[in-house]
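Trainee: Could we go through this one together? I would like to learn how each label is justified.

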Amino acid sequence: MNSEHLSVDIFLPLDHFDLRASFTTASQVTGVFGPSGSGKTSLLQSIAGLKRRAKGRVQLGEGVWLDSEKNLCVRPELRQIGYVPQEGLLFPHQNVRQNLLAGAARARRAGAPLEETFRIVCDLLEIGVLLEREVGSLSGGERQRVALGRAICSGPRLLLLDEPLASLDLPLRRKVLPFLRRVVDQFQIPMLLVSHDATEVQALCDELIVLSNGEVVTKGKPHNVLIAPNVFPDTFPDRFENILPCTVVDSNEQGTEVCVSPMKGLRLTIPRASSAQGQKMWVGIPPRDIILCAREPEGLSVSNILPARVLGVQTIGDTRLVTVSIAEDARNLAVEVTPAAADELGLADRQRVFLIINPASCVSYESGSGADTGFRS
Amino acid sequence: MPQGGAGLVRWGLPRTALVLLAMWLAICAASCSTSRENRDELLIFAAASLKDVLADVGNRFDDRAGIQPRFNFAGSNVLALQLEAAGSTAVFLSADEHWMDYLEQKQLVVAGTRRSVGSNQLVIIANRDNPLELREPSGLAAAQFRFLSLANPEAVPAGRYAKGFLEKVSAGGQSVWMRLRDRVAPAPDARAALAMVEAQQDVIGIVYKTDAATSDKVRIVLEVPAHLTPEISYTAALIGNDRDSNSERSFLDFLGGTEALELFRKHGFITGEDRPGHE
Amino acid sequence: MNEATLNEATMDAILLTLQVASAATVLVLIPGTLLAYLLARVEFRFKTVISTLVGLPLVLPPTAVGYLLLRTLATGGLFGRDTLGFDPGVLLTWKAAILASAVMATPLVVRTARVTFEGVDPRLETMARTLGHGPVSTFFRYTLPLASRGLLAAAILGFTRAIGEFGATVTIAGNIPGRTQTLASAIFSAQQVGDNASAYLLVSIALLIGFASIFASEHLSSQRQRRHHAR
């Protein structure tokens, strides 16, 4: 995997607090997570060179874009950064093709293979049919895809995505998410993705940093970071889902069977999804919809029973979050239980438990075709 | 190679802009060069009210001398200021002595060329549907009207003459001007004053006889006797320097000749012999 | 006055008016657009002062502006013969007519253009920067096209103002038929001698030109409207 080392150290005074973000990452997709108003957008804009008052140091690989000590501040047009803002901001006086090629001059200057990139982008994001359309006639999802394509076609060394799916409604997000995944897999451009959606972040990011009041408070693997006590309450617990990458095994009227761990042959039945055998997907399971059982259950109406081991228990507010592991090649899951239940079950480290998962609570996500999505843990 | 839809315009927009900018600069530079084509022209600065009569005079002069004069028509005040600013050599025909005096003070009048070309008469007018009768000027003080419309008495000759006339006449121990001051409505020029009288029944005015003659919507209530007005005099002179001024001088001479005077009379101006009390 | 000269003088006036108005519009448009963009986007010292100066001809009577220009170009004035060392040859020529119209049209053009630029989403300009366009390229490829409708309106406004310009023009360019007599001053001349027939004719022509230019601008702007709607 081609990823350069990105090092960021920014100081920027803002209205209510100062942005003092400092982190380094060599991951391909790094997520920036945090509640609204925590400075995420300002951070991206500072990296892009759009905030003149930002001071500090920004470096990607060998290229230094900001170095206040040496009085170096490279102008935004020279930074080779693709920026996809939350609102897309397509140029209304041009059609889709012209928008996509807006950064063509820079791409050519950088020696990027523009024609090929253009062709791939049109295929991957399925916007080839939209090329001659006027921007005003596009739907929200189409606009976001074009905005993404435009950034990619400008020959960037770094992509900054500011809540790219936030302006879309839920069903649309599920549709556009796979496109982002495809871009990641295909182009291998390092990406900084701002989001406050736990699902997006788990599906796309290799690493996650959490910003709060302008400072980086946590950094690590997405799933782990998200269930940390100082983060979990901010992730809208009602909507937090465990995201499990899986592969489709079989599909019929009753539902779809997916394999969540090839190593152990663990399978889950989920609601019917239109996917072919062998296709990669994500399955989303809310922590509240997993039932813990100390013994192997019998005579249940559901067949989704997974053996697991307890990794740890956290107290979050007036509830408990139990981290369990089902296999080495699968992600950990977070299960929400009441304190009373936790006490009764014991839940010691390494304790064997069984997970009962109602298929109806599972949500399936297309993960985009193409390369191995990776079983990140 | 994918190109933009409106490729030519967008591709060339910065270039087109540069070309336009270059053209614009070139035009500015070119027009800054001094042009001498105006030198040989005969330019007459004349009061706007003389447009018709001077058109005839100009044509007749062309027949005689073979030179068609160009006219610059504006208010006498504007003309005087232009002559002062531009320093041109030209013939100036002012609607009164005042602006000629102004230029003389600035020493712009060529000595010995100043002469009177004609005169006009003031008349008191009213809307044709207004039955107002006046026996004599002092009757104005008692007349029924809402406004007295004049050309601006501060700047325009016709207005200044009208004010002078009203100051000379007295009624009840005061000059009529003092009695009527608060009902005076100054207009930008005599034409506007006339138009106001045409429009409103309760407005009367004082304008030149030549002005009143052009409109059938007003009637002359009283012709102001010459001895009551300040000397109304259309004055002409050569302005500037005396070199290369042959055509200007011949035009001035022509102005004083019988042909020109007849044309002036034909248009309703008072000339030479008809003016009481002047040489 | 015989018919032949009447028509010739009228044609001269119409032609001159169109030429002067077009030239004045172009003269104002280029620096005016630049200035409007600066006023819309940039904070700089004396910004309010400059903005007020630009708006001055709108506030003062045209003859007052004409008088100021006259004094400036006079022999002893700031740009007069004595100061410059040569006679700029502007007064009482067509150049003065263009200058007068340009000055009187400036506030309308600059203000309209400024409002137009303020209406162009600055975030779009920022996007262009992130895509590799420098400030100049951004201005010509993105800002101007997005502002084109409003700028066209500014140009039309300036043009129609120039067509109707009289007070300042007659002061510094004079009212010389065939040379500096515009439609407006021709109307003035006709009206001064009570020649209502000519005056009405000239007024009708002026109205016709006004209608035509406004109609053209409506037509052109409706064409562009389709392309600029929403995002």
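Mentor: Gladly. This is a predicted model, and a good place to begin is helix α4 of chain B: the elements covering its buried residues include α3 (76-86), β3 (90-94) and β12 (234-239) of chain B.

Trainee: Which residues of α4(B) are buried, and what makes a residue count as buried?

Mentor: In α4, residues 97-105 of chain B, the buried residues include B:Trp99, B:Met100 and B:Leu103. The label requires 20 or more other C-beta atoms within 10 Å of the residue's own.

Trainee: Why are the buried residues of α4(B) said to line one face of the helix?

Mentor: Looking down the axis of α4(B), its buried residues fall within an arc of 105 degrees, so they line one face. As background, an α-helix has 3.6 residues a turn, so residues three or four places apart point the same way.

Trainee: What follows α4(B)?

Mentor: B:Gln107 follows α4(B), and its phi is positive, near 60 degrees. As for the chain as a whole, chain B has 10 helices and 12 strands, and 42% of its 279 residues are buried.

Trainee: Now chain A. What is its secondary structure, and why is chain A called as compact as a globular protein of its length?

Mentor: Chain A has 9 helices and 21 strands. Its radius of gyration is 22 Å, close to the 21 Å that the globule rule gives for 377 residues, so chain A is as compact as a globular protein of that length. Along the principal axes, its C-alpha atoms fill a box of roughly 65 × 45 × 35 Å, and 46% of the 377 residues count as buried.

Trainee: How do you know how confident the predictor is about chain A?

Mentor: From pLDDT, which averages 86 over chain A, with 95% of the residues scoring at least 70. Among the elements of chain A, helix α6 (residues 170-187) has the lowest mean, 82, and helix α2 (residues 96-100) the highest, 94. Over residues 370-377 of chain A, pLDDT stays under 50; for this stretch the model has 15 contacts beyond four places in sequence.

Trainee: How many residues does each chain give to the contact between chains A and C?

Mentor: Chain A gives 19 residues and chain C gives 18 residues. On the side of chain A that touches chain C, β7 (81-84) and α3 (104-109) of chain A each supply at least two residues. By class, that side of chain A has 12 nonpolar, 4 polar and 3 charged residues.

Methods. Residues numbered from 1 in each chain as written. Chains lettered and ligands numbered in written order. Predicted model: local features only at pLDDT ≥ 70, side-chain atom pairs only at ≥ 80, totals over all residues. Contact = placed C-beta atoms within 7 Å. Helix = DSSP H or I, 4+ residues; strand = E, 2+ residues; numbered from the N terminus. Nonpolar A, V, L, I, M, F, W, Y, C, P; charged D, E, K, R; others polar. Buried ≥ 20, exposed ≤ 12 C-beta atoms within 10 Å, placed from the backbone. Arc of directions from axis to C-beta. Rg over C-alpha atoms; globule rule 2.2 N^0.38 Å. pLDDT = per-residue confidence, 0-100.
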